[in-house]
Amino acid sequence: MRDVSIVGIGQIPVRKSYEQSLRWLGATAVHQAMKDASVDRVDALFAGNMLSDELQSQKHVAALIADEAGLRGIEALQVRAATATGAAALRMAYFAVASGEADLAVAVGVEKMSVGGATPALAKALDAEQEVVAGSTLISKNAELMQMYFDQYGVPENGLANFSVNAHQNALTNPNALFRKKISAKDVMNSRTIVPPIRLMDCSPICDGAAAVVLAPRNEARAYTSRPVHILASSVATDRFRVQDRVNPLYLEAARQSVHKAFRKANVNQDDVSFFELHDAFSIMACLLLEAVGFAEPGRGWRLAAEKRIGLKGEIPIATMGGLKARGHPIGATAVYQTCEIVQQLTGQAGKNQVKNPQIALLQSVGGAATTILTHIFGT
Ligand code: COA
């Protein structure tokens, strides 16, 4: 297997809705990433999209984007892992280059959630026969986890509020972010309840967006860019499908296994991580991921937020460009946006959001109710 580097990135600003088509969004991000890498051709394209067959009546998205982007004849495949879909596209592009099948591969994520019924479509990441029929959604499953966390560890009601405050603070200076609005912990607590105890300001939004990255073999990366970012590890693990079948639902076993595999491959540990782009689709998920990776003991992750240790200058910066909460979470595109942001950080191009002298970045993406967890580690 060859080492793999990122040599180009492309992001269109996340918006509440785009009039333009799914294919246009995807192809635009691909063109931006290819321009950034100074290439006019790639060998393969892997597209992450979760919802278009339901919301746009469109399957076969990878070939559609390849055609729109003018990349006739190339390999183009769609990849899915529920709400971790963007990370799955990245992993497939990584394998294509690592294996030697492709010398240049693009991973593109695209989602248009603003039209149609996003909530029931998202719920299909759960068990259709046993959870969805009973009315469960991703919001209700995260609400169960949050209530369980509060009860088990005696966490105050406002204990998680600073996760959203931090994300909104960081999004203020990210031009690609959906929300550029500062909020306080009080605003979080005063926002309307969606499914108790989850409030509006605990949730990532429904939105549209697309992002892309170009990958090349590490030993050729400098032919495309003076500042390549290397993918040091890519891994995935799964848990019992349903939350209620897990011995301890608050301990995200798939996240733990996935990150440990990745740490081993990259030969690093959590002390080496300069910042963590995590899956803060709901504030409770950010908290549980910090614990699963080892940044806090079980039941103590909320304190990292409450004590403001997750900011850009904190001991473990998270959601450095606004995270899923405030940059936005256009599902299939999300982990690709996060990868672009990691490249910006590691190459010193994150502007006002720059973390000081970062060396190693960690990315985790969650499929469903923490059933599938992909981990990627990056360095320079
Ligand atoms: N955070 C902050 N503000 C939000 C928001 C969010 N997550 N979602 C919507 N808003 C704001 C809108 O911008 C709008 O503000 P405005 O009136 O100033 O324009 C207002 O709230 C109403 O927006 P609307 O779209 O009507 O809200 P909604 O009730 O339909 O949706 C949620 C709110 C929380 C239900 C929706 O964002 C949601 O389902 N989020 C979770 C998505 C999800 O499950 N993703 C997958 C996770 S893995």
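Tutor: Before we start, a residue counts as buried under 20% relative accessible area, exposed over 50%, and partly exposed in between. Keep in mind too that this is a predicted model.

Student: Okay, let's try that out on Ala82: buried, exposed or partly exposed?

Tutor: Find Ala82 in the loop between strand 3 (75-79) and helix 4 (85-99). Its relative accessible area is 22%. The buried class stops under 20% and the exposed class starts over 50%, so Ala82 is partly exposed.

Student: And what is phi of Ala82 near?

Tutor: Most residues other than glycine have a negative phi. Ala82 goes the other way, with a positive phi near 50°.

Student: Lys308 is in a loop too, so which class does Lys308 fall in, buried or exposed?

Tutor: That loop runs between helix 11 (301-306) and helix 12 (323-327). Lys308 has a positive phi as well, near 55°. Its relative accessible area is 61%, and the cut-off is over 50%, so Lys308 is exposed.

Student: Thr320 lies in the loop between helix 11 and helix 12. Which side chain does the side chain of Thr320 make a polar contact with?

Tutor: Start with the surroundings: Thr320 has 0% relative accessibility, so it counts as buried. From there, its side chain makes a polar contact at 2.6 Å. The partner is the side chain of Glu277.

Student: How many residues of helix 10 are buried?

Tutor: Helix 10 covers residues 283-293 and is mostly covered. Its buried residues include Ser283, Met285, Leu289 and Glu291. Just after the helix comes Gly294, with a positive phi near 110°. The count of buried residues in helix 10 is 11 of 11.

Student: What distance separates the C-alpha atoms of Ser5 and Ile139?

Tutor: Ser5 lies in strand 1 (residues 4-11), and at 0% relative accessibility it counts as buried. Along the chain, Ser5 and Ile139 are 134 residues apart. In space, their C-alpha atoms are separated by 35 Å.

Student: Is the peptide bond from Pro196 to Pro197 cis or trans?

Tutor: Most peptide bonds are trans. Pro197 lies in the loop between strand 5 (193-195) and strand 6 (198-199). Omega for the bond from Pro196 to Pro197 is near 5°, and that bond is cis.

Student: Now the ligand: where does the ligand sit?

Tutor: The ligand is surrounded by 18 residues, and the closest are Arg192, Cys203, Ser204, Lys325 and His329. That shell divides into 11 nonpolar, four polar and three charged residues. As for the site, the ligand sits in the largest pocket.

Student: Which residue has a backbone N or O atom 2.8 Å from a nitrogen atom of the ligand?

Tutor: Let's go through the contacts. Arg192 uses its side chain, with an N or O atom 3.0 Å from an oxygen atom of the ligand. Ser204 does use a backbone N or O atom toward a ligand nitrogen, but at 2.9 Å. The backbone atom at 2.8 Å belongs to Cys203.

Student: With contacts like those, how much of the ligand's accessible area does the protein cover?

Tutor: Take the ligand on its own as the starting point: its accessible area is 920 Å². Of that area, the protein covers 65%.

Conventions:
Residues numbered from 1 in each chain as written. Predicted model: local features only at pLDDT ≥ 70, side-chain atom pairs only at ≥ 80, totals over all residues. Heavy atoms only, no water. Near = heavy atom within 4 Å. Polar contact = N/O pair within 3.5 Å; in protein donor to acceptor, adjacent residues only side chain to side chain. Areas by Shrake-Rupley, 256 points an atom, 1.4 Å probe, with all protein chains shown as cover. 1 Å grid on protein atoms, 1.4 Å probe; cavity = no way out; pocket = protein on both sides within 12 Å on 5 of 7 lines; lining within 4 Å. Sits in = over half its atoms within 2 Å of the grid points. Nonpolar A, V, L, I, M, F, W, Y, C, P; charged D, E, K, R; others polar. Buried < 20%, exposed > 50% of the residue type's maximum accessible area, 1.4 Å probe, protein only. Helix = DSSP H or I, 4+ residues; strand = E, 2+ residues; numbered from the N terminus.
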